[in-house]
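Colleague: Could you take a close look at one small part of this model for me? I'd like a connected walk through one loop and what surrounds it, then a glance at the sheet.

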Amino acid sequence: MQHRLAILDDYQDVAHGFADWSSLEADGVIVTTYREPFSSPEALESALTGATIVVAMRERTAFPREVLEKLPALRLLVTTGMANASIDVAAATDLGITVCGTPGSPTAAPELTWALLLAIARNIPAEDSSLRAGAWQHTVGFELAGKTLGVVGLGKIGRRIAAYGEAFGMDVLAWSQNLTDEAAAEAGVRKVAKEELFRNSDVVSLHLRLSPRSEGLVGEPELRLLGPNGILVNTARGPLVDQDALVRALTEGWIAGAALDVFDHEPLLAGHPLLAAPNTVLSPHLGYVTRESYREFYGGALEDIKAWLAGSPVRTITG
């Protein structure tokens, strides 16, 4: 049987460099890659007509039930990573579509988080731009040592961020809905209430999965508690933060600044108010975009496809 494989959202046109997709030719698989995001669900459905296998890069393209129902040929949907809130896994199961995940890098997102924090602490983007324009030293940064870091979500990434904070001489607080005293103690941090974390932290970094319970978790009350000297860092998911409140917080000075890798809608559209907001460092969702991470993602996706073709799917995700 011939299969059509669609690799989606290959923004940098690098998918073919991180896995040997030609090795699928013997199984009758025709590979097509798409670099640009689709403008609408209808455009996605049109492009994927007849596709039996799809590789989705993280949550760049959504697969709700109404889209999956219009892809009758689809039999295997691979997401990079082992969780994808943009895929209705229950609907896929109902429709007989196997969903599989891949390994990922445990260090890519934490390192990017710390890079953004250092960049905003020392005003590096602004000073870089100023220097290239012929100026010299316009800002005064701040040191992390002696400051308080609040980590919201003490999972795999949050624990690494807590360890980075301790290595830089910071006092580390943590909170999440399910955080236990034991887990906090094991990570060497102090568990506090959500309000206390925002009130007492100089920097708050978000590391929660997006869910109905966590959406909009950071709003005006939290940002006002963070205060005029506080920095918000978000490399998790944009909708964790009420972005209208965040824009107001930045423009009206409720907080000192924000370092953001994620946004409510991605790619970020021209004219988005965050692009004009002061005291920000912005990056285009680079948290997982490393050579090491892509090797895990695309290599794992190829393994998933071969295992499925052989009748023994691996790393299946059920909902």
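Modeller: Let's agree on one term before we start: a polar contact is a pair of N or O atoms within 3.5 Å, where, within protein, one must be able to donate a hydrogen and the other to accept it. Keep in mind too that this is a predicted model.

The loop in question runs between α2 (41-47) and β3 (53-56), and threonine 52 sits in it. Its side chain makes a polar contact of 3.1 Å with the side chain of histidine 3. Threonine 52 counts as buried because its relative accessibility is 6%, and buried means under 20%. Leaving out residues up to four places away in sequence, threonine 52 touches Met1, His3, Arg4, Ala73, Leu74, Arg75 and Leu76.

Alanine 51 belongs to that loop between α2 and β3 as well, and it's buried, at 2% relative accessible area. Beyond its neighbours within four places in sequence, alanine 51 contacts Arg4, Ala73 and Leu74. Arginine 4 is 47 residues away along the chain, yet its C-alpha atom and that of alanine 51 are separated by 4.9 Å.

Now the sheet. It's an open one of seven parallel-paired strands, in the order β8-β7-β6-β9-β10-β11-β12. β8 (190-191) and β12 (280-282) each have a single partner strand, so one side of each is left without a neighbour in the sheet. Within the sheet, β6 (residues 148-152) and β9 (residues 203-206) run parallel, joined by four bridges, and glycine 150 stands opposite valine 204 in β9.

Note on methods. Residues are numbered from 1 along each chain as its sequence is written. This is a predicted model: local features need pLDDT of at least 70, side-chain atom pairs count only at pLDDT 80 or more; totals for chains, interfaces and linings use all residues. Side-chain values use heavy atoms; hydrogens and water are left out. Helices (H or I, at least four residues) and strands (E, at least two) are DSSP runs, numbered from the N terminus. Buried means under 20% relative accessible area, exposed over 50%, partly exposed in between (1.4 Å probe, protein chains only). Contact means heavy atoms within 4.5 Å. Two strands pair if DSSP finds at least two bridges between them.
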